[in-house]
Amino acid sequence: MSDSVEITSVLKEDRVFPPPADFGARSGGAHVGSLEEYRAMHKRSLDDPAGFWGEVASELDWFEPWTEVCEWKLPDAKWFLGGKTNICHNCVDRQVDQGHGDQVAILWESETTDSQGAPEIRRLTYADLKRETAKLANVLEGLGVKKGDVVTIYMGMVPELAIAILACARIGAVHSVIFGGFSSQAIADRVEDADSSVVLTCDGSWRRGTIIPLKANVDQACKLSDKIKSVLVLTRCQNAIEWQDGRDHRWGELVADASDVRPCEPMDSEDMLFLLYTSGSTGKPKGIVHTTGGYMVYTYLTSKLTFNLRPDEDQVYWCTADIGWITGHSYIVYGLLPNRVPTLMYEGAPNHPAPNRFWDIVERHKVTHFYTAPTAIRAFMKWGDEHVEKHDLSSLQVLGTVGEPINPEAWIWYRDVIGAGRCPIVDTWWQTETGGHMLTPLPGATPTVPGSCTLPFFGIDAAVVDQDGNELPANTGGLLAIRKPWPSMLRGIFGDRERFVETYFTKIKGMYFPGDGARRDERGYFWIMGRVDDVINVAGHRLGTMEVESAIASHDSVVEAAVVGMPHEIKGTAIAAFVTLAGDLEPSDELRQALRDHVAQAIGAIAKPDMIRFCDALPKTRSGKIMRRLLRDIAAGTDSGQDVTTLEDLTVLARLRGDEE
């Protein structure tokens, strides 16, 4: 990163959408009902964090009370010191104890369908979860798992995945979930780093009608690491698998014979809850450490307020992420179950067997809250409105986006076509390391602006600063920084203290640096401009890639764009844009020039792409993130041999490289 951090930031967005006047009436009442109420609560959360967070924590169950809400010794935070609790208890047992055992906790739909086109649907109540988590907890203990041991989980999106993480939490084991798109080498690397001897997996998982061979990948990982002593295998796809007696165990058989009684283990607030390895990093995997009490309290509150969850209002919440990512941990399981709103899990792809699959699910289950990624939204746009129009989406109350900044035109389409102009959009910024939402609108309080994640959540002291930590004026690009601790912040990188301090707390003295560039407009709203390492220095001008992408995508002919830097003999770095066109539009030199002119008008001539490459699709992970590091290689005409194991479709990369016609 250069000495100067100022990033050119002149893309303007003037459309403002106040919360719908009838939102409270349609949603059972808004928890936070006005911008003035938000500002008063936010001020209190910063001025009196002990009082604010103590009150929130008191809404949950504790086996022993805490003696101090927060201890902050940069870079280390401890929350609810001395308190003992259990997050599985607060997700499951607490609901049963309060008389809600027969209510649906998890609503699951398979990707596969029967001969009539009907999917398999399972409904698990809180009583079901209490029984199944206790049985699996006893199985794990029978395999030698003890409090503090790391259990590796490599499964498809089936209810047993949620049961697995809750069972670990029940006995105080640390879970390390690996997304089912990762390779056997990635499994072995993470097992080695975490010193994990037990792996939970499935025979396979379904994705676009194809079986992903999960057990075979674990078998290969066992050859790469001698750490793995026990593999517990859930039968899902009934595909042929190899078997090693003594090491491999059948989930169904062991669970069937297990006791359904296992009380939740009292856990210190700062006991480790889980490890989650960040994706896309090079070298040794980076295991992010999250602990029990603060994470539990923060995900509970962010779920409740960001989505306006109300347990007695017939709400059905659906986050389309995989539990293998932090979004699934926080906003499918741990934040939702304490709020007693059914959380929907879907096993497969959004376009299998047809591009209307998601809207079919929304209509069938009367989904009220829908939380997905901007990349998915842009895919829906490209597939066409007709797939949406087949379905009744009138049950929807709140729409959310997560994973990366959303360009304004995709935001508008989401609002108008999916939400019919009546659903507030919560555009959330956060990351694996933060544990929960950091910047987000609140649906009954915050006027929204397309492309902006708006304002900090309660307890979050966010700013846009220079490298010396000085806050920058409005509409000046700089570094996003968090100046005070929050309950769900990471507690470290597993086994690597030096890397933890260096990565997050040395770039800006005394502050947490998430690695993103940002600006704050005259309203005080935040705009995320992309990773700082995605900022392009063009002839001395630092441009945020997200703003260039948004400018390109605002053209009527464009569905999606990805922008990266490429070497340039004169400028040092030039702008390369990869563009997916709408409908049946054909690439042309005229359209290429029109897009360059469009960017110049939106941002300035300095932001004109030097190269525009039209493509039918962009390389993405199975979670929907564009793999910009691969695009940098393509733009530079190099191949650095980067890991592509999480790539959804390898043929996209081959077409971009010209390896196939």
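## A helix tucked inside

In helix H10, 14 of the 14 residues are buried, so this helix is largely enclosed by the rest of the structure. Keep in mind that we're looking at a predicted model here.

H10 covers residues 293–306, and its length checks out nicely: at 1.5 Å a residue, its 14 residues should span 20 Å, and the end C-alpha atoms are indeed 20 Å apart. After H10 comes Asn-308, which has a positive phi, near 55°.

## Rings that pair up

Now for the aromatic side chains. The count of aromatic pairs comes to 37. Take Phe-358 and Phe-370: their ring centres are 6.1 Å apart and their planes sit at 80°, so this pair is edge-to-face, given that planes over 60 degrees apart earn that label. Phe-358 belongs to helix H12 (residues 357–365) and Phe-370 to strand E18 (residues 369–372), so the pair ties together parts that are twelve residues apart in sequence.

Are these two rings' residues buried or exposed? Phe-358 is buried, with a relative accessible area of 5%, and Phe-370 is buried too, at 1%.

## One aromatic cluster

Some aromatic residues gather into a group. One cluster is formed by Tyr-38, Phe-52, Trp-53, Trp-62, Trp-66, Trp-79, Phe-80, Tyr-298, Phe-457 and Phe-458.

## Charges over rings

Rings can have charged partners as well, and here are two cases. Arg-122 places its charged end over the ring of Trp-108, 5.8 Å from the ring's centre. Over the ring of Phe-182 you'll find the charged end of Arg-190, 4.6 Å from the centre.

Key: Residues numbered from 1 in each chain as written. Predicted model: local features only at pLDDT ≥ 70, side-chain atom pairs only at ≥ 80, totals over all residues. Heavy atoms only, no water. Phe/Tyr/Trp six-rings, centres within 6.5 Å; stacked < 30°, edge-to-face > 60°. Helix = DSSP H or I, 4+ residues; strand = E, 2+ residues; numbered from the N terminus. Buried < 20%, exposed > 50% of the residue type's maximum accessible area, 1.4 Å probe, protein only. Lys NZ or Arg CZ within 6 Å of the ring centre and 35° of its normal. Expected span 1.5 Å × (residues − 1).
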